[in-house]
Amino acid sequence: MQILNSGEYTGKIVQKVRVDDSVITNTLYSKKLSCPEWHYHENLHICFVFQGGKAETRHTTKYADRNGSIFFYHSQERHRWISPQPVSKSANIEIGQKFLEQYNISETAIKEAVQNRVDAKTLFLKIQKEMVINDENTNPAVQSLLLELISQPENIRSQNLPYWVIKLRELLHDNWNEEITLPEIAQIVQVHPVTISKYFRKYFSCTLGEYRRKLKVEKSIDLIKSFDKSLSEIAFDCSFSDQSHFIRNFKESTGFLPKDFRKF
């Protein structure tokens with residue numbers, strides 16, 4: 001089995017930034033660079049596939065994910081890459097042991113934080129945008145964004161959430177592109193609208209409106225890279241009021257203009 005040391009990938013590394021003993025890359029894959037052999041990384045590895053999709057095998061079970069998939073691998077967790085498309089692009093974050101010890105955070109806690117973040121993809125893209133800028137502020141900016149991505153406030157860990165908060169999160173994610181009023185939400189989750197208004201920021205770290213906009217931007221990331229629709233169609237599908245509103249929110253959330261991310 002192939003063992004990949006720090007900073008090594010089966011694809012072609014386009015950009016690379018180091019933060020302490022962690023490595024963040026922009027990596028290009030192709031069918032030619034598929035890796036049908038089992039391998040694992042020395043360190044824990046988070047991969048955001050933002051174009052082309054990826055098919056891989058774990059424990060002899062083959063599966064494929066659409067564009068926009070985020071994969072998490074513990075250190076030394078075996079996997080293999082089989083690109084189903086001519087070209088695939090991904091952002092990779094590899095976190096070293098010294099980084100874990102320095103910030104007193106476990107691999108399991110990082111996995112839970114990334115999986116629970118509504119804005120995980122946008123934070124990945126903000127990191128990539130800083131790498132494109134590549135000036136004297138890039139390293140500290142990337143470090144700050146990385147810590148934001150992998151950290152989860154104590155008050156939003158699943159085991160500490162009231163049932164209505166869990167139900168509310170599921171409702172918002174399942175109906176991300178539908179207009180639901182606060183009274184309707186309150187009726188469904190069976191708490192008073194005042195309760196939601198008072199405690200939403202505590203459990204979601206933003207307002208209800210901000211959370212719903214984050215959901216829309218996250219969904220639009222996958223659509224932009226599919227190349228099947230125009231930006232105006234994507235804005236409509238993601239329930240933005242118009243294309244300008246969509247562009248403004250996407251730029252604010254990711255650092256990219258939608259048209260520039262489509263080319264990235």
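## N5 and its surroundings

N5 lies in the loop that runs between β1 (2-4) and β2 (12-19), in a model that is predicted. With a relative accessible area of 40%, N5 is partly exposed, because that value falls between the limits of 20% for buried and 50% for exposed. Leaving aside its neighbours within four places in sequence, N5 is in contact with E42 and E94. N5 and H41 are 36 residues apart in sequence, and their C-alpha atoms are 6.2 Å apart in space.

## The cavity

H41 also appears in the description of the internal space of the model, where it is among the residues closest to the centre of the largest cavity. A search of the whole structure finds one cavity of 30 Å³ or more, and about 60 Å³ of space lies in the largest cavity. Its lining is formed by 13 residues, of which Y29, H39, H41, H79 and W81 are the closest to the centre.

Three strands, β4 (35-41), β6 (54-58) and β9 (79-82), each supply at least two residues of the lining of the largest cavity. The largest share, three residues, comes from β9. By class, the lining of the largest cavity is made up of five nonpolar, five polar and three charged residues.

## Helix α3 and its buried residues

A120 and Q128 both belong to the α3 helix, and each can be followed to its own set of partners. A120 lies in helix α3 and, at 3% relative accessibility, counts as buried, because buried means under 20% relative accessible area. Leaving aside its neighbours within four places in sequence, A120 is in contact with I70, V114, L149 and E218. The C-alpha atoms of A120 and L147 are 12 Å apart in space, while the two residues are 27 apart in sequence.

Q128 is found in helix α3 as well, which spans residues 120-133, and it is buried, with a relative accessible area of 1%. Apart from its neighbours within four places in sequence, Q128 is in contact with I24, T25, N26, A91, F256 and F264. Between Q128 and H173 there is a separation of 45 residues in sequence and of 25 Å in space, taken from C-alpha to C-alpha.

## Where α3 meets α8

The axes of α3 and α8 come within 8 Å and cross at roughly 65°, which makes α3 roughly perpendicular to α8. On the α3 side the contact is made by A120, K121, T122 and L125, and these meet V217, E218, I221 and D222 in α8. By class, the contact of α3 with α8 has four nonpolar, one polar and three charged residues.

Helix α8 spans residues 208-226 and also holds S220. At 0% relative accessibility, S220 counts as buried. Once its neighbours within four places in sequence are left aside, the residues in contact with S220 are I234, C238, F246 and F250.

## Where α5 meets α7

A second helix pair is formed by α5 (residues 163-174) and α7 (residues 193-204), whose axes come within 11 Å and cross at roughly 85°. That angle makes α5 roughly perpendicular to α7. From α5 the contact draws on W164, V165, L168, R169 and L172, and from α7 on T195, I196, Y199, F200, Y203 and F204. The residues of this contact of α5 with α7 divide into nine nonpolar, one polar and one charged.

## Positive phi values in two loops

Two residues that are not glycine are described here for their positive phi values. N104 has a phi near 50° and is found in the loop between α1 (97-102) and α2 (107-116). With a relative accessible area of 73%, N104 is exposed, because exposed means over 50%.

S205 has a positive phi of about 60° and lies in the loop between α7 and α8. S205 is partly exposed, with a relative accessible area of 42%, whereas S220 in α8 counts as buried at 0% relative accessibility.

Notes. Residues numbered from 1 in each chain as written. Predicted model: local features only at pLDDT ≥ 70, side-chain atom pairs only at ≥ 80, totals over all residues. Heavy atoms only, no water. Helix = DSSP H or I, 4+ residues; strand = E, 2+ residues; numbered from the N terminus. Buried < 20%, exposed > 50% of the residue type's maximum accessible area, 1.4 Å probe, protein only. Contact = heavy atoms within 4.5 Å. Axes fitted to C-alpha atoms, helices over the stretch in contact; angles between N-to-C directions. Parallel < 35°, antiparallel > 145°, perpendicular 65-115°, else oblique. Nonpolar A, V, L, I, M, F, W, Y, C, P; charged D, E, K, R; others polar. 1 Å grid on protein atoms, 1.4 Å probe; cavity = no way out; pocket = protein on both sides within 12 Å on 5 of 7 lines; lining within 4 Å. Points joined across faces, edges and corners; volume = space filled by probe spheres on them.
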